[in-house]
Amino acid sequence: MTDKTMSPDEVVGRLHDGMTIGIGGWGSRRKPMALVRALLRSGITGLTVISYGGPDVGLLAAAGRIRKLVTPFVTLDSIPLEPHYRAARESGSLALTELDEAMFMWGLHAAANRLPFLPVRAGLGSDVMRVNPELRTVTSPYADGEEFVAVPALRMDAALVHLNRADRLGNAQYLGPDPYFDDLFCEAADAAYVSCEQIVETAEFSKAGPPQSLLVSRHSVTGVVETPNGAHFTSCAPDYDRDEAFQKLYATTPWPEFAGRFLSGATEHAYQSAVQAWHEEQK
């Protein structure tokens with residue numbers, strides 16, 4: 001039995017420049033934002049980021065921390081295109097590998113199963129092959145002789161995910177409508193760090209949700225971080241919805257102004273306090 005509890009800064013202390021980092025969640029839903037903010041405070045840069053992208057990508061892109069991005073999309077959901085990601089693409093400040101959503105998923109599966117690639121039909125006949133000339137096809141060795149896209153494994157040095165509940169051993173549970181492939185991110189990475197709304201005793205999982213909600217198993221987890229409201233400003237159903245007012249502020253405020261007010265503190269508590277103060281001003 002191993003207690004894997006850590007702080008956000010202890011997690012980031014195990015990361016370094018140039019790593020390939022996977023970030024779980026989907027768009028502006030259940031993103032490990034407290035860990036992303038800790039990453040911003042660290043100064044780590046030159047990252048390859050693998051993500052169903054949302055404000056995690058936007059924050060890191062605006063701060064100039066991403067060298068290469070692998071993604072099927074980058075969205076804030078209620079705001080279709082993440083504005084800081086768009087600015088980074090328009091300026092050419094990061095390299096992009098853009099995959100079909102299904103191709104991305106099978107890349108995670110390949111990595112989780114320690115395979116170099118998986119053959120898929122997705123992408124054939126589309127511009128995915130044109131904009132990613134490094135992709136290859138393979139021919140079935142059987143009588144059908146069908147051609148497939150060989151989707152490369154999306155291997156990661158580290159994965160960051162956020163779930164509703166976790167125990168100290170590294171088991172983690174989602175209570176919302178969708179797992180968002182967080183289990184695959186953990187299994188596809190050399191090290192995986194799970195932030196959660198609450199650390200509970202293992203026996204409490206059965207009281208909170210059905211067995212299939214126990215998504216992440218301890219064998220794939222390196223560290224667990226209790227970060228209440230740690231997905232803010234993204235949603236973490238059923239614990240809380242997306243902070244739409246704050247997300248709109250993020251999307252419409254010049255980056256230096258936003259970062260100066262909300263991201264210049266030395267801790268996650270400083271961020272949460274700044275957000276609370278802003279909401280008080282809006283009353």
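Visitor: Where in the chain is Pro-238 found?

Guide: This is a predicted model, to get that said early. Pro-238 sits in the loop between S12 and H9, where S12 covers residues 223-226 and H9 covers 244-252.

Visitor: What makes the peptide bond from Ala-237 to Pro-238 cis or trans?

Guide: Omega is the angle to look at. Here omega is near 0°, and the bond from Ala-237 to Pro-238 is cis. That loop has another one: His-232 and Phe-233 are joined by a cis peptide bond with omega about 15°, and Phe-233 is in the loop between S12 and H9 as well. Both stand out because most peptide bonds are trans.

Visitor: Why is His-232 called buried?

Guide: The cut-off for buried is under 20% relative accessible area. His-232 comes in at 6%, so it counts as buried. Its place is again the loop between S12 and H9.

Visitor: Which residues does His-232 touch, leaving out those up to four places away in sequence?

Guide: Its partners are Met-33, Arg-37, Tyr-240, Asp-243, Phe-246, Tyr-271, Gln-272 and Val-275. Leu-15 is another matter: 217 residues separate Leu-15 from His-232 along the chain, and their C-alpha atoms are 22 Å apart.

Visitor: What is the phi of Asn-229, and is its sign positive or negative?

Guide: Phi of Asn-229 is positive, about 65°, although Asn-229 is not a glycine. Asn-229 also belongs to the loop between S12 and H9. Most residues other than glycine have a negative phi, so a positive value is worth a second look.

Visitor: What makes Asn-229 buried, partly exposed or exposed?

Guide: Partly exposed is the range between 20% and 50%. With 25% relative accessibility, Asn-229 falls in that range and so counts as partly exposed.

Visitor: Where is Phe-181, and what is its phi?

Guide: Phe-181 is in the loop between strand S9 (172-173) and helix H7 (182-188). Its phi is near 65°, positive in a residue other than glycine. Phe-181 has a relative accessible area of 25%, so the label is partly exposed.

Visitor: How do you know how many disulfides there are?

Guide: A pair of cysteine sulfur atoms has to be within 2.5 Å to count. The count by that rule is zero. Take Cys-196: the closest cysteine sulfur is in Cys-236, at 9.4 Å, so a bond is ruled out as too far. Seen from the other end, Cys-236 is in no disulfide, with the sulfur of Cys-196 as its nearest cysteine sulfur, 9.4 Å away.

Visitor: Why do you count Cys-196 as buried?

Guide: Its relative accessibility is 0%, which puts Cys-196 under the 20% cut-off. Cys-236 is also at 0%, so Cys-236 counts as buried too.

Visitor: Why is Asn-132 called buried?

Guide: Asn-132 has a relative accessible area of 2%, under the 20% limit, so buried is the right word. Asn-132 lies in the loop between helix H6 (128-131) and strand S6 (136-139). Leaving out residues up to four places away in sequence, it touches Thr-97, Glu-98 and Leu-99.

Visitor: What makes helix H3 mostly covered?

Guide: H3 spans residues 55-62, and seven of its eight residues are buried. Those are Pro-55, Asp-56, Val-57, Gly-58, Leu-59, Leu-60 and Ala-61. After H3 comes Gly-64, with a positive phi near 75°.

Visitor: How many helices and strands are in the protein?

Guide: The protein has 11 helices and 12 strands.

Visitor: How do you know how compact the protein is?

Guide: The globule rule gives 19 Å for 283 residues and the radius of gyration is 19 Å, so the protein is as compact as a globular protein of that length. Along the principal axes, the C-alpha atoms fill a box of roughly 65 × 50 × 30 Å. Of the 283 residues, 54% count as buried. Looking at contacts between residues at least 6 apart in sequence, 73% join residues at least 24 apart.

Visitor: What is the accessible surface of the protein, and how far apart are the mean positions of its positive and negative charges?

Guide: The accessible surface is about 12400 Å², with 52% belonging to carbon and sulfur atoms. As for charges, the mean positions of the 25 positive and 35 negative ones are 2 Å apart.

Note on methods. Residues numbered from 1 in each chain as written. Predicted model: local features only at pLDDT ≥ 70, side-chain atom pairs only at ≥ 80, totals over all residues. Heavy atoms only, no water. Buried < 20%, exposed > 50% of the residue type's maximum accessible area, 1.4 Å probe, protein only. Helix = DSSP H or I, 4+ residues; strand = E, 2+ residues; numbered from the N terminus. Rg over C-alpha atoms; globule rule 2.2 N^0.38 Å. Contact = heavy atoms within 4.5 Å. Areas by Shrake-Rupley, 256 points an atom, 1.4 Å probe, with all protein chains shown as cover. Lys, Arg positive; Asp, Glu negative; His and termini not counted. Charge placed at Lys NZ, Arg CZ, Asp CG, Glu CD.
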